[in-house]
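Please examine the following structure, beginning with its interior and then turning to its aromatic rings.

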Amino acid sequence: MNKLVKGAVATGLGVALLMGGAGTLAFWNASTPLAAASGGSITAGQLSASAGAAGTWNYGTSAGPAVNLSTFKIVPGDTIVYTQNVTLTASGDNLKFSIGSTGAGITATGAAANTALATALGNGAVVTYTVTSGTGSLTSLGSGQYKVATAGTTTVAVTVTVTWPFGASADNAAQTGVATLATSSLAFTQIP
């Protein structure tokens with residue numbers, strides 16, 4: 001290595017050592033508080049849901065004749081639909097969430113006819129929902145996902161459909177059977 005390079009390296013190390021110790025030397029400095037950081041406040045958004053009054057059962061479609069489950073006797077080929085409104089309150093500048101259903105299984109205990117009826121009904125019901133009116137508005141992101149467009153409340157109409165298909169050979173075994181529809185829920189879950 002030539003003398004010029006050695007001298008430059010030595011000078012660079014000397015400067016680095018002096019700068020490393022510069023923190024202990026006295027120098028002028030100043031600071032000032034940030035107005036927004038000291039006096040601002042942050043408010044959280046909201047995602048909550050509540051079911052309205054008890055819904056209704058109808059025959060065929062949600063607009064069909066009313067059905068009283070305590071007296072209605074289902075037969076092959078019947079479809080009954082339960083409809084209920086859920087109020088969704090959502091706010092948040094970047095709030096995105098998914099809507100999905102849980103439950104709605106059909107169970108039976110005891111007599112063989114009960115099990116046959118649950119099987120004939122497919123051991124489940126179809127739960128669907130539709131986002132309708134309200135003071136708030138949502139933007140659909142597809143696949144059951146939404147973003148809050150305008151904060152407020154939105155009505156979500158939920159339907160539970162139970163169908164007994166016509167023509168299965170095992171339907172005779174389901175006569176006089178009793179099956180129970182499990183409680184279903186509509187879940188609102190925040191997503192990134």
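Does Tyr-82 count as buried or exposed? In this predicted model, Tyr-82 has a relative accessibility of 19%, and because the cut-off for buried is under 20%, Tyr-82 counts as buried. Trp-57, at 14% relative accessibility, counts as buried too.

These two residues lead to the aromatic pairs, of which the structure holds four. The ring centres of Trp-57 and Tyr-82 are 5.3 Å apart and the planes stand at 50°, so this pair is tilted. Trp-57 belongs to strand S2 (residues 56–59) and Tyr-82 to strand S4, so the pair ties together parts that lie 25 residues apart in sequence. Elsewhere, ring pairs join Phe-97, Tyr-146 and Phe-188 into a cluster.

Phe-97 and Phe-188 also appear in the largest nonpolar core, which has 30 residues. Together with Leu-88, Val-156 and Val-162, they have the most contacts inside this core. Among the elements that give two or more residues to the core are strand S5 (96–102), strand S10 (152–163) and helix H3 (112–120). Strand S4 gives the most, with five residues.

Val-156 shows how residues from separate places in the sequence meet. Leaving aside residues up to four places away in sequence, Val-156 touches ten residues, including Val-86, Leu-88, Val-131, Leu-186 and Phe-188.

Helix H3 deserves a closer look. Its buried residues include Ala-113, Asn-114, Ala-116 and Leu-117. Strand S6 (106–107) and strand S10 are among the parts that cover the buried residues of H3. After the helix comes Gly-122, whose phi is positive, near 80°.

Terms used:
Residues are numbered from 1 along each chain as its sequence is written. This is a predicted model: local features need pLDDT of at least 70, side-chain atom pairs count only at pLDDT 80 or more; totals for chains, interfaces and linings use all residues. Side-chain values use heavy atoms; hydrogens and water are left out. A nonpolar core is a set of buried Ala, Val, Leu, Ile, Met, Phe, Trp, Tyr and Cys residues joined through side-chain atoms within 4.5 Å. Buried means under 20% relative accessible area, exposed over 50%, partly exposed in between (1.4 Å probe, protein chains only). Helices (H or I, at least four residues) and strands (E, at least two) are DSSP runs, numbered from the N terminus. Contact means heavy atoms within 4.5 Å. Rings of Phe, Tyr and Trp (its six-membered ring) pair if their centres lie within 6.5 Å; planes under 30 degrees apart count as stacked, over 60 as edge-to-face and the rest as tilted.
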